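Colleague: Please take me through this model one question at a time, starting wherever you like.
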Amino acid sequence: MEVFKNVLCPFCGCCCDDLEVEVDSNKIINVKNACALGRGKFLSIGEHRLLKPLVKVDGELVETDLEKAVEKTVEMIKNSSYPVFYGFGCASCEAIKLCLEMADLSGGLADNISVVCHGPTILGLQDMGIPSATLGQIRHRADLIVYWGCNPVEAHPRHTIRYGPLSSGRFVTGRKSRRMVVIDVRKTPTATMADVFMQVKPNSDFEILTALRALVNDLDLEVEEVDGVPVAKLEELADMMINAKFGALFFGLGLTMSYGKEHNIEAAIALVRDLNKKTKFVMIPMRGHFNVTGANEVFTWQTGYPFCVDFSMGYPRYNPGETSAVDVIARGECDLLFIIGADPCSHLPHYIVERLKNVKLVVLDPSITPTVKMADVAIPVAYVGIEASGTAYRMDGVPLQLRKVVDPPPGILSDVDVLNRIVRRLK
Amino acid sequence: MVNLVKMILVSGRSLEQGLGKEASKFSKRYIDVTAVCQLDPEDMSRLSIGEGESLRISSQHGSIIVKAVKSKHAPHPGVIFMAYGPWVNNLTSPETHGTGMPSFKGLEVEVEPVKTAERS
């Protein structure tokens with residue numbers, strides 16, 4: 001048996017890098033230090049696996065070989081008038097770079113799953129900047145942790161332990177040295193851990209953030225409550241924030257997906273900016289998939305823009321709301337959707353999925369998903385971070401190395417190897 | 001008893017949804033967690049609906065029938081929760097409001113019980 005230490009977890013944006021994976025005869029038999037989600041991923045890679053390339057013939061998916069699937073994909077991209085390259089939350093940075101090259105070569109559009117998570121965060125920080133830090137700085141220094149519109153106990157299970165209120169830092173040690181605040185619409189498992197839980201109404205975040213800004217700036221609120229939250233409670237929270245030596249705001253999709261979207265983020269950034277006039281305060285978005293941050297990084301290096309990049313004019317053009325994958329599919333402009341590291345048929349609104357019936361689909365995925373079932377071409381790839389190495393960015397923008405601990409099933413290549421074959425033929 | 005109630009739908013992640021996703025999106029585990037709606041117990045009483053009974057949820061964009069379960073994160077009267085997945089996405093809005101992102105949270109929906117005869 002071989003034990004791989006300090007393995008990066010390819011599940012959520014925490015990218016925990018202390019996993020121990022026990023491998024015997026190329027089979028993962030145990031995973032230590034991982035949360036239930038990470039452990040579940042490592043131990044279930046053999047199940048529901050896509051093992052052979054598939055192509056649609058007369059409405060049915062039939063097995064084919066890799067060369068024929070690659071050839072068919074290249075032909076479909078060349079014949080497409082406007083291909084969209086989408087996904088990347090579960091792909092390595094190296095694979096993302098190749099897909100951007102394909103979008104550029106074909107005059108298509110490249111977009112990542114930020115459009116179903118933190119796209120509004122990006123819009124907000126482009127307008128305002130973001131006072132941020134690494135998770136390590138927060139672990140070692142933060143004496144106040146605020147979770148707003150997120151539920152890490154269920155979505156990022158080790159966040160509170162490794163980086164949040166339960167973590168043991170160099171200068172701030174353990175739960176007793178930190179205050180914890182949760183702001184959410186339900187009393188989630190994360191909320192039950194908090195010193196202060198502030199329950200807010202759905203779609204009221206902008207008002208609450210704006211009221212907190214007023215209080216932090218020593219203004220009086222001439223009302224008893226703001227959207228159902230007593231002003232006394234807001235004053236208590238504002239005082240906690242001002243009196244923290246080092247505060248950290250982690251925010252999730254409760255802010256980005258509610259009414260106001262990027263305006264909620266701008267209000268949150270403005271609050272943190274105001275707090276920095278009185279103390280030290282930082283903020284980090286709780287990114288969901290393990291490399292969605294990497295997708296934004298690679299898109300920005302390569303094109304200047306973090307998502308929603310259109311190449312149809314021969315140069316990168318960026319206008320979310322017009323050039324997002326969702327908008328383009330909704331308007332019926334896309335005739336080919338190339339998907340890697342995502343399952344849009346499960347996670348996009350049904351209205352958008354309906355429109356994919358008129359769009360050719362090419363999918364690179366290790367497993368059989370609803371999107372694979374709808375595909376015209378499906379090519380199996382290795383699980384990056386388990387069966388292939390690569391680079392991923394943690395939610396705080398720190399790049400880390402994904403490791404290979406087992407070989408993929410026979411005949412299955414990494415996504416980078418498959419993409420290289422496609423790109424070579426496109427040139 | 002009330003037949004139809006306007007509520008706010010919030011979709012989101014849950015631990016069980018994450019585990020079900022890794023087990024397979026065609027697995028019973030995934031379906032059992034994504035094809036259910038969590039309601040505040042008071043709202044369940046208002047609708048005269050019991051644990052595991054069917055209810056119809058309708059939005060401007062579609063309508064689904066899913067099982068009702070009592071929320072473990074109550075009280076949140078007037079707010080229902082569904083885990084991310086294909087079911088809730090029948091209700092979510094494709095409108096991106098200039099951001100590129102559809103609207104997955106804070107949606108206005110109508111909720112009503114489904115009688116056994118109607119369901120079959």
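Colleague: Happy to start with the helices: which residues in H10(A) do Ala211(A), Leu212(A), Leu215(A) and Val216(A) in H9(A) meet?

Modeller: H9(A) and H10(A) are helices (DSSP runs of H or I, at least four residues, numbered from the N terminus, as strands are runs of E, at least two). H10(A) covers residues 231-243. Taking contact as C-beta atoms, placed from the backbone, within 7 Å, the partners in H10(A) are Leu234(A), Glu235(A), Leu237(A), Ala238(A), Met241(A) and Ile242(A).

Colleague: Before we go on, which pLDDT cut-offs apply to this model?

Modeller: Residues are numbered from 1 along each chain as its sequence is written, while chains are lettered from A and ligands numbered from 1 in the order in which they are written. The model is predicted: totals for chains, interfaces and linings use all residues, whereas local features need pLDDT of at least 70 and side-chain atom pairs count only at pLDDT 80 or more.

Colleague: How many nonpolar residues does the contact of H9(A) with H10(A) have?

Modeller: Ala, Val, Leu, Ile, Met, Phe, Trp, Tyr, Cys and Pro count as nonpolar, Asp, Glu, Lys and Arg as charged, and the others, Gly among them, as polar. This contact has one charged residue and no polar ones. The nonpolar count is nine.

Colleague: Is H9(A) parallel or oblique to H10(A)?

Modeller: The two axes, lines fitted to C-alpha atoms over the stretch in contact, come within 9 Å. They cross at roughly 60°, and the crossing is right-handed (the near helix turned clockwise from the far one by less than a right angle; anticlockwise is left-handed). Angles under 35 degrees count as roughly parallel, over 145 as roughly antiparallel, 65 to 115 as roughly perpendicular and the rest as oblique. So H9(A) and H10(A) are oblique.

Colleague: And how does H9(A) sit against H12(A): is it parallel or perpendicular?

Modeller: H9(A) (205-216) and H12(A) (262-275) have axes 9 Å apart, and their crossing is left-handed. Among the residues that meet are Phe206(A) and Leu209(A) in H9(A), with Ala267(A) and Leu271(A) in H12(A). The angle is about 15°, which makes the two helices roughly parallel.

Colleague: Which strands are at the edges of the sheet with parallel pairing in chain A?

Modeller: Five strands form this open sheet in the order E10-E9-E8-E13-E14, where pairing needs at least two DSSP bridges. E9(A) (179-184) joins E10(A) through four bridges, with Asp184(A) opposite Gln199(A). Two strands pair on one side only: E10(A) (196-199) and E14(A) (280-285).

Colleague: Which of its strands does H10(A) touch, then?

Modeller: H10(A) packs on this sheet, and its direction makes about 135° with that of E10(A). In chain A, H10 touches E8, E9, E10, E13 and E14.

Colleague: What is the strand order in the sheet with mixed pairing?

Modeller: This open sheet of chain A has nine strands, with E5(A) (60-63) and E16(A) (317-318) at its edges. E15(A) and E16(A) run antiparallel, joined by two bridges, and Val309(A) stands opposite Tyr318(A). The order is E5-E4-E19-E18-E17-E6-E7-E15-E16.

Colleague: Last one: which element gives the largest share of the side of chain B that touches chain A?

Modeller: The contact takes 37 residues from chain B and 44 from chain A. On chain B, strands E1, E5 and E6 and helix H1 each supply at least two residues. The largest share, five residues, comes from H1(B).

Conventions
Two residues are in contact if their C-beta atoms, placed from the backbone, lie within 7 Å. Axes are lines fitted to C-alpha atoms, for helices over the stretch in contact, and angles run from 0 to 180 degrees between N-to-C directions.
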